[in-house]
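Thank you for asking me to look through this model with you. Please keep the picture open while you read, and find each residue as it is named.

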Amino acid sequence: MPLFHAGPAPRLTGPRRGGLTGLPLAPGMRVGLFGGSFNPAHEGHRHVAETALRRLDLDRVVWLVSPQNPLKRADETAPLAARMASARSLARGPSMIVSDLETRIGTRWTIDTLRALTARHPGVEFVWLMGSDNLAGFHRWRGWTDIFRLMPIAVVARPGALLESRTAPAAARFAGFRLPDAAARRLPGAPTPAWTWLGGPLHPQSSTALRARAREAGPAR
């Protein structure tokens, strides 16, 4: 299967070393980074975050609410404040943090955000978290191979694209670096590239379905 490569992310773009991220992280912490539009956030997102928190033995999960996903239409994306509020309503407990970091430091691409975080928080064992529906199209992300080499990745099973994600170009490209589910706790701090697939119960809720129901219901009266 030929692979589409979005190309490496330019290393001179995005924020420079220094400054504050506003995140209460300390060296030695095991931290999951869960990025997305959260348009809106829903129980499926919480399922991904809580599954990763438990199975990877993480100290924190940071929900990185994107100002605008470059692969999605801006006219279908709710204002950032509304999406932050929906994420906060679900990211409960001291282990969950909701952040508008990308808006504050001015990054557009995930690879630039992750480079900024690793530079500003040395000693933190970061893991990129995503649902399996995102793995199916991960090879379209800018600098996707760089993300695999920058930090470990945990993929949590989500309905709707299970077959496509297991046979995705990204899964095929890095098949030899996948840790078995039983070894998931070793993922934070593992030499990169390294990734794992976390199976288990599926949560059916999705942002696409919620937006479709909202359109069908029409404006509130």
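The points below go from the whole chain to the sheet, the helices, the cores and the salt bridges.

1. To begin with the overall picture, this is a predicted model, and its chain holds nine helices and seven strands. Of the 221 residues in the chain, 49% are buried. Among contacts between residues at least 6 apart in sequence, 79% join residues that are at least 24 apart.

2. The seven strands form an open sheet with parallel pairing, and reading across it gives the order β3-β2-β1-β4-β5-β7-β6. Strands β3 (96-99) and β6 (178-179) stand at the edges and have a single partner strand each, so one side of each is left without a neighbour in the sheet. As a general reminder, strands of a sheet pair through backbone hydrogen bonds, and the pairing may be parallel or antiparallel.

3. Strand β1, which covers residues 30-36, pairs with strand β4, residues 125-131, in the parallel sense over five bridges. In this pairing L33 stands opposite W128 of β4. Helix α4 (residues 110-120) packs on the sheet and touches β1, β2 and β4, and its direction makes about 155° with that of β4.

4. At the β3 edge, β2 and β3 pair in the parallel sense over four bridges, and the bridge partner of W63 in β3 is V98. In a regular strand the side chains alternate between the two faces of the sheet, and it is worth following this along β3. Here both faces are covered, since M96 and V98 on one side are buried, as are I97 and S99 on the other. Helix α2 (residues 80-88) lies across β2 (60-65) and β3, and runs at about 160° to β2.

5. Does the length of helix α1 come out shorter than, longer than or in agreement with the span expected at 1.5 Å a residue? The helix has 13 residues (43-55) and should span 18 Å, and because its end C-alpha atoms are 18 Å apart, the two values agree. The buried residues of α1 include charged as well as nonpolar side chains in the list G44, H45, R46, H47, V48, A49, T51, A52 and L53. After the helix comes D57, whose phi is positive, near 55°.

6. Turning to the interior, the largest nonpolar core has 33 residues, and those with the most contacts inside it are L33, W128, L135, F138, I153 and W195. Helix α4 gives the largest share of this core, namely four residues. L33, already met opposite W128, touches V62, L64, L114, L117, F126, V127, W128, L129 and M151, leaving aside residues up to four places away in sequence. Apart from this core lies another, of 28 residues, with W63, A87, V156 and L198 among them. In soluble globular proteins, nonpolar side chains tend to be buried together.

7. The count of salt bridges comes to four, and one of them joins the side chains of E43 and R46, with 3.0 Å from N to O. Both residues lie in helix α1, three residues apart, which is about one turn of the helix. Is each partner buried or partly exposed? E43 counts as partly exposed because its relative accessibility is 27%, whereas R46 is buried, with a relative accessible area of 15% that falls under the 20% cut-off.

8. Another salt bridge links D181 with R55, whose closest N and O atoms are 2.5 Å apart. D181 lies in the loop between β6 and β7 (195-198) and R55 lies in helix α1, so the pair ties together parts that are 126 residues apart in sequence. At 33% relative accessibility, D181 counts as partly exposed.

9. R104 and D100 also form a salt bridge, with their closest N and O atoms 2.8 Å apart. R104 is partly exposed, with a relative accessible area of 44%, and D100 is partly exposed too, at 22%.

10. Finally, please look at R185, which is placed in the loop between β6 and β7. R185 and A52 are 133 residues apart in sequence, while their C-alpha atoms are 9.7 Å apart in space. R185 touches R30, R54, R55, L56 and D57, again leaving aside residues up to four places away in sequence.

Note on methods
Residues are numbered from 1 along each chain as its sequence is written. This is a predicted model: local features need pLDDT of at least 70, side-chain atom pairs count only at pLDDT 80 or more; totals for chains, interfaces and linings use all residues. Side-chain values use heavy atoms; hydrogens and water are left out. Two strands pair if DSSP finds at least two bridges between them. Helices (H or I, at least four residues) and strands (E, at least two) are DSSP runs, numbered from the N terminus. Contact means heavy atoms within 4.5 Å. Axes are lines fitted to C-alpha atoms, for helices over the stretch in contact, and angles run from 0 to 180 degrees between N-to-C directions. Buried means under 20% relative accessible area, exposed over 50%, partly exposed in between (1.4 Å probe, protein chains only). The expected span of a helix is 1.5 Å times one less than its number of residues. A nonpolar core is a set of buried Ala, Val, Leu, Ile, Met, Phe, Trp, Tyr and Cys residues joined through side-chain atoms within 4.5 Å.
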